[in-house]
Amino acid sequence: MAKINKNIVPFSSYITQELKNIIDFLTEREEITKVVFIKKAIRHFLTGNKIIDGRIMIQRGEPNYISRNALLTSYINVEQKKELEDIAWSQGATFSEALYQALLEYSMKMITINDTGFQIRRK
């Protein structure tokens, strides 16, 4: 019988399709699961400056709003979720906005370290 970890909880959040594609690419390239990628992204964010970019917090309907329409579902460590919620609250943001910032920063770091196989296509 599989061991159930009570320190892990499910979550869902919306991110941009482009970021979802990058996460899919990086998890495949790095040969890690999405859960591990998210855990590393949050850890990286929590050891960094913990600042949520104001552009991420622009409200829907406002000019320059970043449309996040790709659903991301996974599992997160309870402590990491609480820390993200606290940081978000202190900056007037939501958990989803803090998570988006963490995923964005970590993805950029991983691409900067190794851009092998990564291609940007202009529309």
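Glu97 is a residue of helix α4 in this predicted model. With a relative accessibility of 8%, Glu97 counts as buried, because buried means under 20% relative accessible area. The side chain of Glu97 reaches the backbone nitrogen of Thr94 at a distance of 2.9 Å. Leaving aside residues up to four places away in sequence, Glu97 touches Ile52, Ile56, Met57 and Arg68.

Side chains of opposite charge can pair when their charged atoms come close. Glu97 forms a salt bridge with Arg68, the closest N and O atoms being 4.0 Å apart. Arg68 lies in the loop between α2 (34-46) and β2 (70-77) and Glu97 in helix α4, so the pair ties together parts that are 29 residues apart in sequence. Both Glu97 and Arg68 are buried.

The structure holds 6 salt bridges, including the following.

| Salt bridge | N to O distance |
|---|---|
| Glu30 and Arg29 | 2.8 Å |
| Asp53 and Arg55 | 2.7 Å |
| Glu97 and Arg68 | 4.0 Å |

Glu30 is partly exposed, at 30% relative accessibility. Asp53 is also partly exposed, at 25%, while its partner Arg55 is exposed, with a relative accessible area of 56%.

Helix α4 (residues 95-113) also meets helix α3 (residues 78-90): their axes come within 8 Å and cross at roughly 105°. That angle makes α3 roughly perpendicular to α4, since 65 to 115 degrees counts as roughly perpendicular. In this contact, Lys81, Leu84, Glu85 and Ala88 of α3 meet Phe95, Ala98 and Leu99 of α4. By class, the contact has 5 nonpolar, 2 charged and no polar residues.

Conventions. Residues numbered from 1 in each chain as written. Predicted model: local features only at pLDDT ≥ 70, side-chain atom pairs only at ≥ 80, totals over all residues. Heavy atoms only, no water. Axes fitted to C-alpha atoms, helices over the stretch in contact; angles between N-to-C directions. Helix = DSSP H or I, 4+ residues; strand = E, 2+ residues; numbered from the N terminus. Parallel < 35°, antiparallel > 145°, perpendicular 65-115°, else oblique. Contact = heavy atoms within 4.5 Å. Nonpolar A, V, L, I, M, F, W, Y, C, P; charged D, E, K, R; others polar. Buried < 20%, exposed > 50% of the residue type's maximum accessible area, 1.4 Å probe, protein only. Polar contact = N/O pair within 3.5 Å; in protein donor to acceptor, adjacent residues only side chain to side chain. Salt bridge = Lys/Arg side-chain N within 4 Å of Asp/Glu carboxyl O.
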